Amino acid sequence: MNLAEFVEVADPLFAEAGAELQAVGSAEEGFLEQLRQQTSATCFTGTVPDISPYLDEARIAIVPERNGGGFKLKVLEYVFNRVPVFALAG
């Protein structure tokens, strides 16, 4: 729910800016396929064997968790891998 809600707003903005948004991690494949069909600037990797290469290439991290979902663990993962975390108010 958090991912779909965020991507609905963010994908058009990323597309307009000529930027790519990567959503890395596991989710139901049917859900990811539905999101892939609705977006143009967002790449959904699904499950990956190692997140390190994605963290090494990331410019910033975004954790749009308004409704829970592992916020603390995600932020710690980014911080300990030296990836700046973008925060949203509200």
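This is a walk through a predicted model, from a pair of strands to the pocket and then to single residues.

Start with strand 1, residues 21-24, and strand 2, residues 42-46. The two strands run parallel, and four bridges join them. At one point of the pairing, Leu21 stands opposite Thr42. Between these strands the chain passes through helix 2, residues 29-38, and the resulting β-α-β crossover is right-handed. At another point of the pairing, Val24 in turn faces Gly46 of strand 2.

Both strands show an alternating pattern. In strand 1, Leu21 and Ala23 point to one face and are buried. Gln22 and Val24 point to the other face and are not buried. In strand 2, the buried face carries Thr42, Phe44 and Gly46. Cys43 and Thr45 point the other way and are not buried.

Take the two ends of strand 2 in turn. Thr42 lies in this strand, which spans residues 42-46. Thr42 counts as buried because its relative accessibility is 10%, and the cut-off is under 20%. What does the side chain of Thr42 make a polar contact with? The partner is the side chain of Asp11, at 2.7 Å. Asp11 also appears among the contacts of Thr42 beyond four places in sequence, together with Val7 and Leu21. Leu21 is the residue that stands opposite Thr42 in the strand pairing.

Gly46 belongs to strand 2 as well. Its relative accessible area is 4%, so Gly46 is buried. Setting aside residues up to four places away in sequence, Gly46 touches Val24, Gly25, Ser26, Leu32 and Arg36. Val24 is its opposite number in strand 1. Glu20 makes a contrast in distance: 26 residues separate Gly46 and Glu20 in sequence, and their C-alpha atoms are 16 Å apart.

Now step back to the loop between helix 2 and strand 2, where Thr39 is placed. Is Thr39 buried or exposed? Thr39 counts as buried, because its relative accessibility is 15%. The Thr39 side chain reaches the backbone oxygen of Leu35 at 3.0 Å. Beyond four places in sequence, Thr39 is in contact with Val7, Asp11 and Phe44. Val7 and Asp11 are also among the contacts of Thr42. Phe44 is on the buried face of strand 2.

Return to strand 1 for Gln22. This residue points to the face that is not buried. Gln22 is partly exposed, because its relative accessible area is 39%. Its contacts outside the four-place window are Cys43 and Tyr54. Cys43 points to the face of strand 2 that is not buried. Thr45 points to that face too. Between the C-alpha atoms of Gln22 and Thr45 the separation is 7.5 Å, with their positions 23 residues apart along the chain.

Gln22 also leads to the largest pocket. About 1200 Å³ of space lies in this pocket. Of its 36 lining residues, the closest to the centre are Gln22, Ala23, Val24, Ile62 and Tyr78. Which elements each supply at least two residues of the lining? They are helix 1 (2-17), strand 1, helix 2, strand 2, helix 3 (52-57), strand 3 (61-62) and helix 4 (71-80). Helix 1 gives the largest share, with five residues.

Helix 1 also holds Asn2. Asn2 has a relative accessible area of 11%, so it is buried. Where do its contacts lie, once neighbours within four places in sequence are left aside? Asn2 is in contact with Pro64, Glu65, Arg66, Asn67 and Gly68. Asn2 and Asn67 are 65 residues apart in sequence, while their C-alpha atoms are 6.7 Å apart in space.

End with Arg82, in the loop between helix 4 and strand 4, residues 85-86. Arg82 is not a glycine, yet its phi is positive, at about 60°. Arg82 counts as exposed, because its relative accessibility is 76% and the cut-off is over 50%.

How values were computed:
Residues numbered from 1 in each chain as written. Predicted model: local features only at pLDDT ≥ 70, side-chain atom pairs only at ≥ 80, totals over all residues. Heavy atoms only, no water. Buried < 20%, exposed > 50% of the residue type's maximum accessible area, 1.4 Å probe, protein only. Polar contact = N/O pair within 3.5 Å; in protein donor to acceptor, adjacent residues only side chain to side chain. Contact = heavy atoms within 4.5 Å. Pairing = 2+ DSSP bridges. Right-handed = clockwise from strand over helix to strand, strands pointing away. 1 Å grid on protein atoms, 1.4 Å probe; cavity = no way out; pocket = protein on both sides within 12 Å on 5 of 7 lines; lining within 4 Å. Points joined across faces, edges and corners; volume = space filled by probe spheres on them.
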